[in-house]
Amino acid sequence: MKTQEEYSPGTKTTITDYFRAYGSMDEGVKGYFEFIQLPRYQNLKGITDPKEYLQTIKNDGYATSSTYVTDVYRCVTAYGLAKYDAKSEGGITMTEQELRQKPVNYLAKFAGIREGSAEHKAILDVLNNSGLCPRYKMTVKDAWCATAASAAYIATGLADIFPCVECSCGNMVELAKKAGIWVENDAYIPKTADAVLYDWGDSGSGDCTGWPDHIGLVVSVSGNTIRVIEGNMSNTVGYRNLAVNGRYIRGFITPKFSTKATSSGSGSGGTSAKKSVSEIAKEVIAGKWGVGDDRKARLKAAGYNYDSVQAEVNRQMKGTSKPSKSVTEVAKEVINGKWGNNPERKKKLEAAGYNYSKVQAEVNRLMK
């Protein structure tokens, strides 16, 4: 995409570069906070004055416009946005369950990736560039389950409550013990985003105390079943179901999310539903709840009845598949980022009744 940068005050230079597009405002906000976890933005932490924050992030290279600070600060004052600063970091209030969902959602974005792919390397880069595990630089040839769990907390700004960021499961356990967030009891019923460690040499008799071989993050708990998402599961990011107090459980890392929550809410594996089934169904259609097993797990973790939501989705989708805009109009929306990125973009377009191939061909034509 072409854009203009102001490397010298008053002089705009046109460049072509890559930009990230989001399917919704919520995704955009989350993407911003993930982005500023990069090492060069770590000096932003602790700054509470809006103008100082804007000047600092500009100095860090986030923007080149000579009027960036003035323009953004004008919006801050015009809409009274500073009033939200006292409620939480970045002015966003979040319940404990909403915070717990963040690292899980981060890993869910990578479900099904190929080892060695750009997405795999992106996970490794989060840890490598964080400065939190300087003893070793991860490569695509290394086992990366611990790195994936660490990256989920680093990228979502929660590394402070996960003081066991590491690329080794064994080191993670020792750090968690020192921090007082290790649970040795195999029968413990975890909460969303707790980390479960495995020992593949577990005999299944008594409490396992062997060397940890693998790690995943808890997505949800339903009855006696723990749903887990894991990096380096068959060389990808995938899901596993295991029984509470089941064989191979080594123990749990239990970050103190309650210390970060900025509004009241449940800290358990599920919460009371806040929106109607119809509202959630619309969000599902818009792609906000992911797809497949991930969507099901996230809906259940948020306190919604998956079957009821899916039934409403099916009802709303009946008779709504006729495209209401031309291919050119939709292609322009794609270019502007309104349909998100693939593979979600393709699913959204097809769900709305558009021919993905025709839309993409028109996008390519308009971008020439």
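**Notebook: helix crossings and the open sheet**

I began with the helix pair α8 and α10, and I noted that α8 passes α10 in a right-handed crossing. By class, I counted 8 nonpolar, 3 polar and 2 charged residues in the contact of α8 with α10. I was working from a predicted model throughout.

I then looked up the geometry of this pair: helix α8 spans residues 277–285 and helix α10 spans residues 306–317, and they pack at an angle of about 70 degrees with their axes 8 Å apart. Since angles from 65 to 115 degrees count as roughly perpendicular, I entered α8 and α10 as roughly perpendicular to each other. For the residues involved, I listed Val277, Ser278, Ile280, Ala281, Lys282, Val284 and Ile285 on the α8 side, and on the α10 side I found Ser308, Val309, Glu312, Val313, Gln316 and Met317.

**Second helix pair**

Next I turned to helix α5 (residues 118–128) and helix α6 (residues 145–155), whose axes come within 8 Å and cross at roughly 70 degrees. That angle makes α5 roughly perpendicular to α6, and I recorded the crossing of α5 and α6 as left-handed. From α5 the contact takes Ile123, Leu124, Val126 and Leu127, while α6 supplies Thr147, Ala148, Ser150, Ala151, Ile154 and Ala155. Sorting these by class, I found 8 nonpolar and 2 polar residues in the contact of α5 with α6, and no charged ones.

**The sheet**

I traced an open sheet of 6 strands in the order β3-β8-β4-β5-β6-β7, with antiparallel pairing. At its edges I found β3 (182–183) and β7 (236–243), each with a single partner strand, so one side of each is left without a neighbour in the sheet. I also looked at how β7 is joined to strand β6 (residues 225–233), and I noted 7 bridges between these antiparallel strands; one entry worth writing down is Met233, whose bridge partner in β7 is Thr236.

I then asked which helices pack on this sheet. Helix α6 does so by touching β5 (214–222) and β6, with its direction at about 60 degrees to that of β5. Helix α9 (residues 292–301) packs on the sheet as well, touching β5, β6 and β7, and its direction makes about 60 degrees with that of β5.

Going back to the β6 and β7 connection, I saw that these strands form a hairpin with 2 residues between them, and that Ser234 in the turn has a positive phi of about 55 degrees.

**Confidence**

Last, I checked the scores: the protein chain averages a pLDDT of 83, and 90% of the residues score at least 70. Over residues 86–92 the pLDDT stays under 50, and the model has 11 contacts beyond four places in sequence for them. I noted a pLDDT below 50 over residues 265–273 too, a stretch that has 23 contacts in the model beyond near neighbours in sequence.

Conventions
Residues numbered from 1 in each chain as written. Predicted model: local features only at pLDDT ≥ 70, side-chain atom pairs only at ≥ 80, totals over all residues. Heavy atoms only, no water. Axes fitted to C-alpha atoms, helices over the stretch in contact; angles between N-to-C directions. Helix = DSSP H or I, 4+ residues; strand = E, 2+ residues; numbered from the N terminus. Parallel < 35°, antiparallel > 145°, perpendicular 65-115°, else oblique. Left-handed = near helix turned anticlockwise from the far one by under 90°. Contact = heavy atoms within 4.5 Å. Nonpolar A, V, L, I, M, F, W, Y, C, P; charged D, E, K, R; others polar. Pairing = 2+ DSSP bridges. pLDDT = per-residue confidence, 0-100.
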